[in-house]
Amino acid sequence: MSNILFVGSECDPFVKTGGLADVMSALPKALAKQGNMDVRVILPNYTCIPATYRNNMRYVTHFYMDFTRDHTMYHVGVMEYWWGGVRFYFVDNNHFFGKGNPYTDMAGDIVPFIFFSKAVLAIMPVIGFKPDIIHCHDWQAALVPVYLRTVYEHNDFYKGTKAILTIHNLRFQGIANMDTVKYHSDLPDYVFTSDRLEFKGDVNIMKGGIVYSNFITTVSNSYANEIRTAEYGEGLDGVINSYSYKLAGIVNGVDYDVYNPYTDGYIYDRYGIDNFPDAKRWNKEKLQRELGLEQNVNKFMIGIISRLTDQKGLDLINTVMNRIVDAHTQVVIIGTGDKKYEDSFRYYENYHKGRVCSNIMYSNERAHKLYAAADAILVPSRFEPCGLTQLIAMRYGTVPIVRETGGLRDTVQAYNGFDHTGTGFSFYDYNAETMLGVINYAKKIFFEDRFGWEGIARRDMQSDFSWWRSAGDYRNIYNMLIYQW
């Protein structure tokens, strides 16, 4: 029996701001189902966690931990909650996690996550759970391997424990003032050098995790290769290339217990692969009515479910939006983010009444309804480590139109009209005209070759992007580290 500890800053259903929460939820559950592993998860106990969970957490213990170079003692509470067959721990400290949201800004987030990383390692001996693998996610947990290999290096409790760091998005690195990190972390001075945590005069926490982890993964094979280049490496490509011998890419999965059109309680009409063409039209008609769009099931409905940021390729959409939308096409947007994109999509809704609906919000229920109703999902990202939107859409028979980058390239096979293969439509050049050409080609297939279109959707629904396969890949890495390294 192997003991696996997941460490991260968010996890669905407790707290979610993005795809990290889905991974922290679904991957431990999938690993636990495969057996022979005791998989546990530890998170901060944010006050924003819904009361339905907070009020039912079980108190485990509390103690005081030496924190900062002044050796101030800080309260560390430990709460427990079972969910999905997995035991979750929550690090309780109202001073650091009582602000109501998991994140504020980088300056305000650095110290709480330094505290969290050290507290994780302080908690395990107290509760008696000795991990063989500590699986850390993104910069918020990237100091755990640093502490493990320095402060806790000679602690007998952690003898043989290995650390893995998964990079979900390299753009976010936890860069902070050198003196701030030195004071609060109380890490030894030798880690603050250019070959370890130092980065352009500051501290880069992600860099520290890369250096000190036993293994590094990213959320797709293409992204693992891309971050070794100057274009996608976000200033860390040199470091990543130095440690490429311990780097691998594993595509994220989708929790098919949550995203399943046959059982989905959010959508209007449930369906399976045997009746999806008619059922999708029924879902489309009902969503059109709900959103105030023209009710016509023959319209080509494009869904965009996204954070509204530059990363997501929304500048391309802005450039050609008035040519995407025509008498035969509707566009539905769900998301929040940069004001310039929120305002632009509001404008398009007003300008194209009955054809565009901009939901400047995030609604899980409405997102499920859109996955079931839309004919295509548009994901033209500038870069995309993995992407879950296209994987979820495929599960619902909604055809992805994507840019060939990162996980989008790894998961969507371009349609070939000659031999009727492929699972979507894709383009490589980051160019609005190129994107528009591919969208128009998808429309042509939808309107003129319905047999071909439904074949794409059918192959999408038959694709296996469940967590079972990806969990097996992680399991192999765990076993390699435990028994070979």
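**Exercise 1. Find the strand that pairs with β13, and say how the two strands run.**

Step 1. In this predicted model, β13 and strand β14 (residues 329–334) are joined by six bridges, and the pairing is parallel.

Step 2. For a landmark in this pair, look at Gly303, which stands opposite Val332 in β14.

Step 3. Now sort the side chains of β13 by direction. Phe300, Ile302 and Ile304 point one way, Met301, Gly303 and Ile305 point the other way, and all are buried. This is the pattern to expect, because side chains in a regular strand alternate between the two faces of the sheet.

Step 4. Finish with the surroundings. Six of the six residues of β13 (residues 300–305) are buried, so the strand is largely enclosed by the rest of the structure.

**Exercise 2. Trace the path from β3 through β4 to β5, and locate the turns.**

Step 1. Start with strand β3 (residues 58–67), which runs antiparallel to strand β4 (residues 72–83) and is joined to β4 by nine bridges. Within this pair, Met65 stands opposite Tyr74 in β4.

Step 2. Look at the connection. β3 and β4 make a hairpin with four residues between them, and Thr68 in the turn has a positive phi of about 85°.

Step 3. Carry on to strand β5 (residues 86–92), which pairs with β4 in the antiparallel sense over seven bridges. Here Gly77 stands opposite Asp92 in β5.

Step 4. Check the second turn. β4 and β5 also form a hairpin, with two residues between them, and Gly84 in that turn has a positive phi of about 60°.

**Exercise 3. Work out the strand order of the open sheet that contains β8, and name its edges.**

Step 1. The sheet has three strands in the order β8-β10-β9, with antiparallel pairing.

Step 2. The edge strands are β8 (175–176) and β9 (198–199), as each pairs on one side only.

Step 3. Zoom in on one pair: two bridges join β8 to strand β10 (residues 202–204), and Ile175 stands opposite Asn204 in β10.

**Exercise 4. Decide whether Ile164 and Ser2 are buried or exposed, and list what surrounds them.**

Step 1. Place the residues. Ile164 lies in strand β7 (residues 162–167), and Ser2 belongs to strand β1 (residues 2–7).

Step 2. Apply the cut-off: buried means under 20% relative accessible area. Ile164 has 0% and is buried; Ser2, at 6%, also counts as buried.

Step 3. List the neighbours, leaving aside residues within four places in sequence. The contacts of Ile164 include Ile133, Ile134, Phe215, Ile477 and Leu481. Ser2 touches Asn36, Met37, Asp38, Asp132, Ile482 and Tyr483.

Step 4. Compare sequence with space for one of these pairs. Ile164 and Ile134 are 30 residues apart in sequence, while their C-alpha atoms are 6.3 Å apart.

**Exercise 5. Step back and describe the whole chain.**

Step 1. Count the elements: there are 18 helices and 18 strands. The radius of gyration is 23 Å, close to the 23 Å from the globule rule for 485 residues, so the chain is as compact as a globular protein of that length.

Step 2. Gauge the extent. The C-alpha atoms fill a box of roughly 70 × 45 × 45 Å along the principal axes.

Step 3. Turn to the interior. Buried residues make up 60% of the 485. Of the contacts between residues at least 6 apart in sequence, 73% join residues at least 24 apart.

Step 4. End at the surface and the charges. The chain exposes about 18,700 Å², with carbon and sulfur atoms supplying 47% of it. There are 49 positive and 54 negative side chains, and the centres of the two sets lie 2 Å apart.

Technical notes
Residues numbered from 1 in each chain as written. Predicted model: local features only at pLDDT ≥ 70, side-chain atom pairs only at ≥ 80, totals over all residues. Heavy atoms only, no water. Rg over C-alpha atoms; globule rule 2.2 N^0.38 Å. Buried < 20%, exposed > 50% of the residue type's maximum accessible area, 1.4 Å probe, protein only. Contact = heavy atoms within 4.5 Å. Areas by Shrake-Rupley, 256 points an atom, 1.4 Å probe, with all protein chains shown as cover. Lys, Arg positive; Asp, Glu negative; His and termini not counted. Charge placed at Lys NZ, Arg CZ, Asp CG, Glu CD. Pairing = 2+ DSSP bridges.
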